Number of protein chains: 2
Amino acid sequence: MHDFVFHNPTKIIFGPGREMEIGAELTAAGIGNVLLVYGRESVRKSGLLDRVIATLNQSGIGFVEFGGVVSNPVLSHTREGIALARQSGVEAVLAVGGGSVIDEAKAIAVGATAECDVWEFFLGREVTAALPVFSILTLAATGSEMNGNAVITNEETRQKYNIGTIHAYPRVSILNPELTYTVSPAYSAYGAVDAIAHLIEAYFTKEPGTRLQDRLVEGLITTIIENAEIIRDRPADPQARASMMWAATLALNGLTPAGVGPYTFPNHMIEHSLSALYNIAHGAGLAIVIPAWMQWYQPRNPAQFERFAAKIFDRQTGEAGISALKEWFRGLGCPVSLAEGQIPNGDIDRIAANAYGLAQRWEIDQLYPAKTIAEILHLSAQ
Amino acid sequence: MHDFVFHNPTKIIFGPGREMEIGAELTAAGIGNVLLVYGRESVRKSGLLDRVIATLNQSGIGFVEFGGVVSNPVLSHTREGIALARQSGVEAVLAVGGGSVIDEAKAIAVGATAECDVWEFFLGREVTAALPVFSILTLAATGSEMNGNAVITNEETRQKYNIGTIHAYPRVSILNPELTYTVSPAYSAYGAVDAIAHLIEAYFTKEPGTRLQDRLVEGLITTIIENAEIIRDRPADPQARASMMWAATLALNGLTPAGVGPYTFPNHMIEHSLSALYNIAHGAGLAIVIPAWMQWYQPRNPAQFERFAAKIFDRQTGEAGISALKEWFRGLGCPVSLAEGQIPNGDIDRIAANAYGLAQRWEIDQLYPAKTIAEILHLSAQ
């Protein structure tokens, strides 16, 4: 165990129909009006947006709508949201959607109170304030509903960068698993891959010996695997959707890495370049990167890969565990090679150069020079 | 999975020497003076109190000392603390000690802002406010450092009752595992038993089928067992003390029962009577009660006991798992029968009558009439 600070003040309200409590929660927090951030048409078609607006009206909460957030949310749209938030003088930001919507809502919340352009924070400037963020989650995947992270893509520079700050933790996040019943098989699978990805980064790259955290990770991965299979076969299974939703939240809320000491996010680093350059779904990109990275990294931490293989897949060797995970991704319908993700193998050097920018930003460029990133990507070309 | 609300705003600062940050944390929270609550001489002898006072002085935080909290903290002393807090006009309560000290500090914090006598809250009145609570933990056991619970014994009525409120969550708790190196073997063992007890109450008494939560519990119990054995053999093992401290915190911070639906605390219910009547250490009382309660309860949830036996002790039957846990308690030096706890078997009806009062308070008197409690206690007489 290493020193750590754990501080996660987000209030989670979990259960069917509980989005109707958002008006009361905003009122209790003293919020009188919000920027209502959402994505495309799905929340409108499903009736969710209407229900949310009804509870806002009922509680006398004013709101300004700001739709159009895209998957892999972009800086230009974030800046529009910041301008609208300032102009309309909203007191908080309410995200209704998946991780992309919540991420952009956080970035708007940070930018709305700042004197500088919001991208400066993504380049390293310290965040010192934000409007309060609230969220109603519609996708089990990113964990953004219970952390202070946001990832935004700068379309001009092709940088997919992140911020992490205590000020961006949602005050309240409402998790209604029923809202995920209609998520497509592909995106349900990508969500599972994303949650697993969040868990394995620290699990494999930390120093060995923090068994408490290993066990929490293994319990969560086992739960995600079990329920992703049920969801593939029965998309509206209430227990599976609920378990997946809570497991995905716990996968990136700071619990599992607390105390493990330094660790890195290499799979996310490389994947961010795939989605920045090709706009591939984040979970799909991770399914391509993870088996390749594991194959490359396994000799650097063989005991942990052996443990992973035994605990998660009941296999005898680290290599067999990696194969089992890759096959499991494939069985969920995820791409597991660059070709399957429609990404030309010939682009590897370009991708590696892009990812190296993030390696520098995260100060892991010594571990991951562009040549090494290219080497890993070549393993996903096989 | 059932509906739930999870909201745990406590900031945990974990690591050797970090108690020196308390002054800065209080300052950041805008606190200018505190009631400094502690127990007997040990925090003075160890030098901890002097170090805490030094950091308070350095940060310009005023303080009023209030020592003398006893194990199984009592109402009369709590009332003295409330009077002192009011009279001195402190803005917050800082607990330096184990679970008893933190519990009493919370009760003082609640009572200091109330117009009624504090005991009314323990009898069911809703808590609506409290002074901010901060803590520096010296014992891995109760989890009080990261929850809103407090247990106080009314010496006049011999009631050991609890409150649970969002207002009593510590704002900041500092966990320095080095402070637990000198905890006696007996109290180190009792702490481990207490943490296990917190985990098994919901694990066995909830509805079956919430595997995510089962896995978190099993990971924590395995960690507690593993590290309690190391601590027994090497009391100053840094990794074991650190793992135990964090595991005990996670064992009662709301994480593991979130989503499991209704459950009960029968072992705590019965044990509270043992410590209310005989002032036995809480963990020692639990080591007596748990194997008896398990033996009685096992036919009511056989599948979960079989799972427990397999996952924790690699045993084939529920009964074998219960025996293994009882033997493990014994191996740590805990009493596992009333006789070993110096409690006369002839007192069983008196204990059962006392525990039945708490069963009524917790509204589980239908499940646990006094006759049933006596039946369970007779199993601990064997």
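Trainee: Why is Arg158(A) called partly exposed?
Mentor: Count the neighbours in this predicted model. Arg158(A) has 13 other C-beta atoms within 10 Å. Buried takes 20 or more and exposed takes 12 or fewer, so a count in between is called partly exposed. That is where Arg158(A) falls.

Trainee: And what makes Gln342(A) exposed?
Mentor: Run the same kind of check. Gln342(A) has 10 other C-beta atoms within 10 Å, and the cut-off for exposed is 12 or fewer, so Gln342(A) is exposed.

Trainee: What is notable about phi of Arg158(A)?
Mentor: Phi of Arg158(A) is near 60 degrees, a positive value in a residue that isn't glycine. Arg158(A) sits in the loop between β7 (149-154) and β8 of chain A. Gln342(A) also has a positive phi without being glycine, near 65 degrees. Look for Gln342(A) in the loop between α13 (318-331) and α14 (348-361) of chain A.

Trainee: Over to the sheet. Which strands form it, and in what order?
Mentor: Seven strands, β4(A)-β3(A)-β5(A)-β6(A)-β9(A)-β2(A)-β1(B), make an open sheet with mixed pairing.

Trainee: Why do β4 of chain A and β1 of chain B count as edges?
Mentor: Each has a single partner strand, so one side of β4 (62-66) of chain A, and likewise of β1 (4-6) of chain B, has no neighbour in the sheet. As for the twist, neighbouring strands in this sheet are turned by 15 degrees against each other on average, direction ignored.

Trainee: How do you know that β2(A) and β1(B) pair?
Mentor: Pairing asks for at least two bridges. β2(A) and β1(B) have three, in the antiparallel sense, and that settles the matter. One contact to look up is Ile13(A), whose bridge partner in β1(B) is Val5(B).

Trainee: How many bridges join β6 of chain A to β9 of chain A?
Mentor: Four, between residues 133-137 and residues 172-175, and the two strands run parallel. With a threshold of at least two bridges, β6 and β9 of chain A pair. Leu137(A) has Leu175(A) in β9(A) as its bridge partner.

Trainee: Which helix lies across β3, β4, β5 and β6 of chain A?
Mentor: That's α3 (residues 48-58) of chain A, running at about 150 degrees to β5(A). Helix α5 (residues 99-112) of chain A packs on the sheet too, touching β3, β5 and β6 of chain A. The direction of α5 makes about 170 degrees with that of β5(A).

Trainee: What makes β5 of chain B mostly covered?
Mentor: Six of the six residues in β5 (92-97) of chain B are buried, and buried means 20 or more other C-beta atoms within 10 Å. Ala92(B), Leu94(B) and Val96(B) point one way from β5(B), while Val93(B), Ala95(B) and Gly97(B) point the other way, and all are buried.

Trainee: Which strands does β5(B) join through bridges?
Mentor: β3 (residues 33-38) of chain B joins β5(B) by five bridges, running parallel, with Val34(B) opposite Ala92(B). β6 (residues 133-137) of chain B is also joined to β5(B) by five bridges, again parallel, and Val93(B) stands opposite Val133(B) there.

Trainee: Which residues of the largest nonpolar core touch the most other members?
Mentor: Val37(A), Val93(A), Val37(B) and Val93(B), in a core of 265 residues. Leaving out residues up to four places away in sequence, Val37(A) touches ten residues you can pick out, including Phe66(A), Val93(A), Leu94(A), Val101(A) and Ile108(A).

Trainee: How many residues of chain A are in contact with chain B?
Mentor: 26 residues of chain A are in contact with 26 residues of chain B. On chain A's side, α8(A) gives the most, with seven residues. By class, that side has 13 nonpolar, nine polar and four charged residues.

Trainee: And which domains does chain A get?
Mentor: The assignment gives domain 1 (11-179) and domain 2 (184-379). Their centres, taken over C-alpha atoms, are 26 Å apart. Contacts link 18 residues of domain 1 of chain A with 29 residues of domain 2 of chain A. On the domain 1 side, β8 (residues 159-164) of chain A gives the most, with three residues.

Conventions: Residues numbered from 1 in each chain as written. Chains lettered and ligands numbered in written order. Predicted model: local features only at pLDDT ≥ 70, side-chain atom pairs only at ≥ 80, totals over all residues. Core = buried A, V, L, I, M, F, W, Y, C linked by C-beta atoms within 7 Å. Contact = placed C-beta atoms within 7 Å. Axes fitted to C-alpha atoms, helices over the stretch in contact; angles between N-to-C directions. Domains from an automatic or database assignment. Nonpolar A, V, L, I, M, F, W, Y, C, P; charged D, E, K, R; others polar.
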